[in-house]
Amino acid sequence: LMSDLASVAIQNALLYRRTQEEAITDGLTEVFVHRHFQERLSDELRRAREQGIPLTLLMADIDNFKGFNDTYGHLTGDAVLKRIARALRDGVRGTDLVARYGGEEFAVLLVETPSEAGLAVAERLRASVEALVLADLGIPGTVTISVGEAGFPGQATDERGLIEKADEALYAAKREGKNRVVASGPGGEAGTAFQV
């Protein structure tokens with residue numbers, strides 16, 4: 001009787017843990033969901049302020065993804081989303097966070113990381129996505145991402161400002177030709193393009 005009760009308790013604990021993980025994880029890409037990203041950004045920004053440590057936010061968007069879906073279909077598009085999410089997750093530390101921000105956009109939160117180091121990570125992530133081999137999915141070419149970067153405390157001091165500045169830099173990367181990283185400038189305006 002005691003072993004049966006212990007077994008049920010363990011199964012319940014594992015089920016609870018699995019339910020908690022599913023609540024904060026995107027079912028398709030297996031990275032964190034937008035809501036969890038917002039909570040974690042708030043927590044990490046508070047910690048950065050209290051401890052005087054830097055923080056970098058990257059916003060990444062898959063280039064020309066609508067056209068890609070129109071050409072190859074949504075099932076192939078889903079497979080590409082999964083691979084890009086895995087490349088992003090594999091390209092950061094365990095303490096960092098990768099989240100699906102929406103559609104084909106991802107947020108990458110680099111804790112205790114100054115902007116200069118964050119830009120190096122962003123460029124490495126951009127290159128790793130471009131290097132993905134997708135021939136097994138029937139895709140002869142490459143898929144690329146554009147990335148915008150903003151850092152605390154240099155470009156913004158709150159969650160909203162950090163997201164806005166990274167987003168502005170992302171849109172500048174799109175305007176400047178895509179498949180590149182753009183840093184938010186010292187005053188928060190889109191600044192230097194890093195890339196190819």
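**Exercise 1. Strand β1 and its neighbours**

Task: Find which residue of β3 is the bridge partner of Leu57, and state in which sense β1 pairs with β3 and with β4.

Solution.
Step 1. In this predicted model, Leu57 has Leu109 in β3 as its bridge partner.
Step 2. Strand β3 covers residues 105–111, and its pairing with β1 is antiparallel, over seven bridges.
Step 3. β1 also pairs with β4 in the antiparallel sense, here over eight bridges. On that side Leu55 stands opposite Phe152 of β4.

**Exercise 2. The two faces of β1**

Task: Sort the residues of β1 by the way they point, and state how many of them are buried.

Solution.
Step 1. In a regular strand, side chains alternate between the two faces of the sheet.
Step 2. Leu55, Leu57, Met59 and Asp61 point one way from β1. Thr56, Leu58, Ala60 and Ile62 point the other way.
Step 3. A residue counts as buried under 20% relative accessible area. Eight of the eight residues of β1 are buried, and the strand is mostly covered.

**Exercise 3. The unit β4, α6, β5**

Task: Describe how β4 and β5 are joined, and give the handedness of the unit they make with α6.

Solution.
Step 1. Strand β4 (residues 145–152) and β5 run parallel and are joined by three bridges. The bridge partner of Gly148 in β5 is Val182.
Step 2. β4, helix α6 (residues 159–175) and β5 make a β-α-β unit that is left-handed.
Step 3. Strand β5 (residues 181–184) is covered on both faces. Val181 and Ala183 lie on one side, Val182 and Ser184 on the other, and all are buried.

**Exercise 4. Checking helix α6**

Task: Test the span of α6 against 1.5 Å a residue, and list its buried residues.

Solution.
Step 1. The expected span is 1.5 Å times one less than the number of residues.
Step 2. For the 17 residues of α6 this should give 24 Å. The end C-alpha atoms of α6 are 24 Å apart, so the two values agree.
Step 3. The buried residues in α6 are Gly161, Leu162, Ile163, Ala166, Ala169, Leu170, Ala172, Ala173 and Lys174.

**Exercise 5. Backbone angles in the loops**

Task: Locate the cis peptide bond and the residues with positive phi described for the model.

Solution.
Step 1. The peptide bond from Phe152 to Pro153 is cis, and its omega is near 10°. Pro153 belongs to the loop between β4 and α6.
Step 2. Gly177, just after α6, takes a positive phi of about 125°.
Step 3. Asn179 is not a glycine, yet its phi is positive, at about 50°. This residue is in the loop between α6 and β5. Asn179 counts as buried because its relative accessibility is 13%, below the 20% cut-off.
Step 4. Asn64, also a residue other than glycine, has a positive phi near 55°. Asn64 is found in the loop between β1 and α3.

**Exercise 6. Aromatic pairs**

Task: State how many aromatic pairs there are, and classify the pairs Phe37 with Tyr101 and Phe65 with Phe68.

Solution.
Step 1. With ring centres required to lie within 6.5 Å, the count is three aromatic pairs.
Step 2. Phe37 and Tyr101 are 5.7 Å apart centre to centre, with 80° between the planes. An angle over 60 degrees counts as edge-to-face, so this pair is edge-to-face.
Step 3. Phe37 sits in helix α2 (residues 34–51) and Tyr101 in strand β2 (residues 97–102). With these positions 64 residues apart, the pair links distant parts of the chain. Phe37 has 0% relative accessibility and therefore counts as buried.
Step 4. Phe65 and Phe68 are also 5.7 Å apart centre to centre, with 10° between the planes. Planes under 30 degrees apart count as stacked, so this pair is stacked.
Step 5. Phe65 and Phe68 are three residues apart in helix α3 (residues 65–72), so about one helical turn separates them. Both are buried: Phe65 at 6% relative accessibility and Phe68 at 12%.
Step 6. Phe65, Phe68 and Tyr72 form one aromatic cluster.

**Exercise 7. The whole chain**

Task: Summarise the chain by its elements, burial and contacts.

Solution.
Step 1. The chain has six helices and six strands, in the order α-α-β-α-α-β-β-α-β-α-β-β.
Step 2. Of its 196 residues, 45% count as buried.
Step 3. Among contacts between residues at least 6 apart in sequence, 65% join residues at least 24 apart.
Step 4. The accessible surface of the chain is about 10000 Å², and 55% of this belongs to carbon and sulfur atoms.

Note on methods: Residues are numbered from 1 along each chain as its sequence is written. This is a predicted model: local features need pLDDT of at least 70, side-chain atom pairs count only at pLDDT 80 or more; totals for chains, interfaces and linings use all residues. Side-chain values use heavy atoms; hydrogens and water are left out. Rings of Phe, Tyr and Trp (its six-membered ring) pair if their centres lie within 6.5 Å; planes under 30 degrees apart count as stacked, over 60 as edge-to-face and the rest as tilted. Helices (H or I, at least four residues) and strands (E, at least two) are DSSP runs, numbered from the N terminus. Buried means under 20% relative accessible area, exposed over 50%, partly exposed in between (1.4 Å probe, protein chains only). Two strands pair if DSSP finds at least two bridges between them. A crossover is right-handed if, with the strands pointing away from the viewer, the path from the first strand over the helix to the second runs clockwise. Contact means heavy atoms within 4.5 Å. Accessible areas come from the Shrake-Rupley method with a 1.4 Å probe; for residues, only the protein chains shown count as cover.
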